[in-house]
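Welcome, and please open the model in your viewer. We will go from stop to stop, selecting a few residues each time and looking at what is there.

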Amino acid sequence: MTNFPDPSSKKCQELFEKSKDGLFELAAQMKIDNLSEDFLKEIVIPISYHLHNSFSKRKTPFLICFTGGQGSGKTTLSFFIQKVLTDYCQRPAMGFSIDDIYKSQEERRALAKKIHPLCYVRGVPGTHDINMGLDLITELSSAGPNTETKIPAFCKPEDRHYAWEEWPIYTGKPDFIFFDAWCGGARPLPEQDWLPPFNQLEEEEDPQGIWSKWSNQELSKDYQDLFSLFDLLLMIKVPSMEFVYESRWIQEQTLAKTITDPNLKEKIMTKEEVYRFVMHYERLTHYILDELPSFSDIVLTRDSDFKFSISKAS
């Protein structure tokens, strides 16, 4: 980490002082309680300054991927860094999530009928419209100063995209595009010596591995085309799979706080439903936790007390 910014450096301290009020305002808007100044000083500011200092402006945006298990904090971290870059470094930044480019219910229903019933459940490789993401990156890369680009937006409680008219608009061409994805940068698992069912879900619904192998094969296709575009891959490494389960439950509770529509509130998952949902991701998540740090550019370690530290930076 010899070239990575020291949080105690003058440049980082100045950037923190300029941006801290705005970051605390953003945290309040996101319903984040008890935001730590240490998190901003030691994680958000050094990474923001590193991106600003190491990626000189060019004609096309830099694509930065944040990856990690569900509820690891990648989307929140991305929002904070986007704000620092845009508002305090004069480096326009925007982001979107793999959760915003899901295939429609109709498309997933067709896959469920053709391949396996579990293909209907969104989340694993094979259930995303990767071309939607690639097209968005192309649009933003060719945008002019006043070009308005629609950013896909997905409503999880209703399991559908918002109406196109409701999608947020980004104006201009960003210097940075942030993409957060739980499987961002992942490579397909080797199919030789394929492990038996990983959990109760696979035992009950996919004992022959038809669905899990299908998803793994999908990961080897256009997902790799998207991942090959990354200029930097940052991983948030969590302690265990159990931590992923608990973090995803916390995420669902946070989502419930932000929803005012009573009909949508009824669709918030219970803890048991969240745990069952996360089982869909467990096989690939184990592989990611073991293998992804070796080819990530930056690795943040998040401990069982939800504290972050930088364990690798290149």
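Before the first selection, one term: a residue is called buried under 20% relative accessible area, exposed over 50%, and partly exposed in between, using a 1.4 Å probe and protein chains only. This is a predicted model, in which local features need pLDDT of at least 70 and side-chain atom pairs count only at pLDDT 80 or more, while totals for chains, interfaces and linings use all residues. Residues are numbered from 1 along each chain as its sequence is written, and side-chain values use heavy atoms, with hydrogens and water left out.

**Stop 1: a ring pair**

Select Phe277 and Tyr281. Rings of Phe, Tyr and Trp (its six-membered ring) pair if their centres lie within 6.5 Å; planes under 30 degrees apart count as stacked, over 60 as edge-to-face and the rest as tilted. By this rule there are 14 aromatic pairs in the model. For Phe277 and Tyr281 the centres are 5.3 Å apart and the planes stand at 70°, so this pair is edge-to-face. Tyr281 counts as buried because its relative accessibility is 3%, and Phe277 is buried as well, at 11%.

**Stop 2: a pair across the sequence**

Now select Phe179 and Phe230. How far apart are the ring centres, and what is the angle between the planes? They are 6.2 Å centre to centre with 40° between the planes, a tilted pair. Helices (H or I, at least four residues) and strands (E, at least two) are DSSP runs, numbered from the N terminus. Phe179 belongs to strand β7 (residues 176-181), while Phe230 lies in the loop between α8 (222-227) and β8, so to speak 51 residues away, and the pair links distant parts of the chain. Both of these phenylalanines are buried.

**Stop 3: a ring cluster and two charges**

Add Phe55, Phe62, Phe66, Phe176 and Phe178 to the view: ring pairs link them into a cluster.

Next, look for charges over rings, meaning NZ of Lys or CZ of Arg within 6 Å of the ring centre and within 35 degrees of the ring normal. Select Lys150 and Trp164; the charged end of the lysine sits over the tryptophan ring, 4.5 Å from its centre. Then select Arg187 and Phe295, where the charged end of the arginine sits over the ring at 3.6 Å from its centre.

**Stop 4: helix α12 and Leu284**

Select α12 (282-291). Its buried residues are Glu282, Arg283, Leu284, Thr285, Ile288 and Leu289. They pack against α6 (200-205), α7, β8 (232-237), α9 (241-258) and α11 (271-279).

Zoom in on Leu284, which is found in this helix and is buried, with a relative accessible area of 10%. Contact here means heavy atoms within 4.5 Å. Leaving aside neighbours within four places in sequence, Leu284 is in contact with Pro125, Trp182, Cys183, Leu189 and Leu219. Add Ala186 too: Leu284 and Ala186 are 98 residues apart in sequence and 8.5 Å apart in space, C-alpha to C-alpha.

**Stop 5: the cavity**

On a 1 Å grid over the protein atoms alone, a cavity is a set of points where a 1.4 Å probe fits but cannot get out, and a pocket is an open set with protein on both sides within 12 Å along at least five of seven lines; lining residues have an atom within 4 Å of a point. Grid points are joined across faces, edges and corners, and a volume is the space filled by probe spheres set on the points.

How many cavities of 30 Å³ or more are there? The count is one, and the largest cavity has a volume of about 150 Å³. Select Ser212, Ser215, Asn216, Arg283 and Leu284, which are the closest to its centre of the 15 lining residues. Helix α7 gives the most to this lining, with five residues. For residue classes, Ala, Val, Leu, Ile, Met, Phe, Trp, Tyr, Cys and Pro count as nonpolar, Asp, Glu, Lys and Arg as charged, and the others, Gly among them, as polar. The cavity lining has nine nonpolar, four polar and two charged residues.

**Stop 6: the second largest pocket**

Finish with Arg122, Lys156, Asp159, Met269 and Phe277. About 270 Å³ of space lies in the second largest pocket, and these five are the closest to its centre among 14 lining residues. Its lining has seven nonpolar, no polar and seven charged residues.
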